[in-house]
Amino acid sequence: TRSTRPQRMLKAVQKKATKGDPESVISAIDYFCKHSEWAMNVGDEKGSILDSVVTEVNPSTVLELGTYCGYSTVRIARLLSPGTKFITLEFNPANVTIARQIIAYAGLQDKVTVVEGSSGDLIPQMKERFGITTFDFIFLDHWKDRYLPDIKLFEECGLLRKGSVLLADNVICPGAPEYLEYVRNSPRYESRYYPAHLEYTKVEDGLEKSVFLE
Ligand SMILES: O=c1[nH]cnc2c(O)cc(-c3ccc(F)cc3)cc12
Ligand SMILES: [Mg+2]
């Protein structure tokens, strides 16, 4: 039967990238998406903004919502200091399988834990299952309709501390208007928009960075 797009992306990585070299894995995926098949990785333009925010925060604890094939997981993991606790959540088991192989190909399997399940179920388990007190950095890149309920869940579960940074992809396309309204109007967050484009296209999109204040 026909392969899936994530399977073809993994093949492209195994064919084009150098094992143990995260930069070559990132380049191989971007090349595949520009020249073969579009896929919903954060991409190189927004990825560079992600890189700069991760570098600025230099987090000790990181959560990514929405692993997909592991592209942004590799981008983040390659920048982290040794000993950083990095967890990424993915609800689609087929994506988990591909992501684990792409992350391992980059040589970053010891830097991150890929957890299968839904954010709504797993966020309340972060403390007990993974020994997390609070997250320094959170990348939201799963499903636009979960951004607002999940940020409220972070607050309710006491997973944010003064200065915690949340970075959300796709706030314009596909769009997360209720999330934007919340973080931009809540006195508990300082929010900033980074304009860019939908990965591998000229369509407007961007990242919203929100710092928890209390
Ligand atoms: O569903 C998504 N999750 C996470 N990131 C996404 C992302 O970066 C882009 C898109 C997307 C954007 C336009 C389109 F025509 C079809 C899909 C979806 C997701
Ligand atoms: Mg995205």
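Q: Which element gives the most to the lining of the largest pocket?
A: In this predicted model, that element is α8, with 3 residues. Together with α4 (71-77) and β2 (85-90), α8 (144-156) belongs to the elements that each supply at least two lining residues.

Q: What makes a residue part of the lining of the largest pocket, and which residues lie nearest its centre?
A: A lining residue has an atom within 4 Å of a pocket point. The lining comprises 31 residues, and Met 40, Gly 66, Asp 141, His 142 and Trp 143 lie nearest the centre. The space in this pocket amounts to about 570 Å³.

Q: How do the residues of the lining divide into nonpolar, polar and charged?
A: The division is 13 nonpolar, 12 polar and 6 charged. Asp counts as charged and Gly as polar.

Q: Why are Asp 141, Asp 169 and Asn 170 called donors of the magnesium ion (ligand 2)?
A: The cut-off for a donor atom is 2.8 Å from the metal. The OD atoms of Asp 141 and Asp 169 and the OD1 atom of Asn 170 lie 2.0 to 2.2 Å from the ion, and they therefore count as donors. Along the chain, the donors follow the spacing D-x27-D-N. Asp 141 lies in the loop between β4 (137-140) and α8, and Asn 170 in the loop between β5 (165-168) and α9 (171-175), so this pair ties together parts 29 residues apart in sequence.

Q: Why is Asp 141 called buried?
A: Buried means under 20% relative accessible area. Asp 141 has 13% and is therefore buried.

Q: How do you know whether Asn 170 is buried or exposed?
A: Its relative accessible area is 12%, so Asn 170 is buried.

Methods:
Residues are numbered from 1 along each chain as its sequence is written. Chains are lettered from A and ligands numbered from 1 in the order in which they are written. This is a predicted model: local features need pLDDT of at least 70, side-chain atom pairs count only at pLDDT 80 or more; totals for chains, interfaces and linings use all residues. Side-chain values use heavy atoms; hydrogens and water are left out. On a 1 Å grid over the protein atoms alone, a cavity is a set of points where a 1.4 Å probe fits but cannot get out, and a pocket is an open set with protein on both sides within 12 Å along at least five of seven lines; lining residues have an atom within 4 Å of a point. Grid points are joined across faces, edges and corners, and a volume is the space filled by probe spheres set on the points. Helices (H or I, at least four residues) and strands (E, at least two) are DSSP runs, numbered from the N terminus. Donors are N, O and S atoms within 2.8 Å of the metal (3.2 Å for Na, K and Ca); water is not among the atoms, so sites may look incomplete. Buried means under 20% relative accessible area, exposed over 50%, partly exposed in between (1.4 Å probe, protein chains only).
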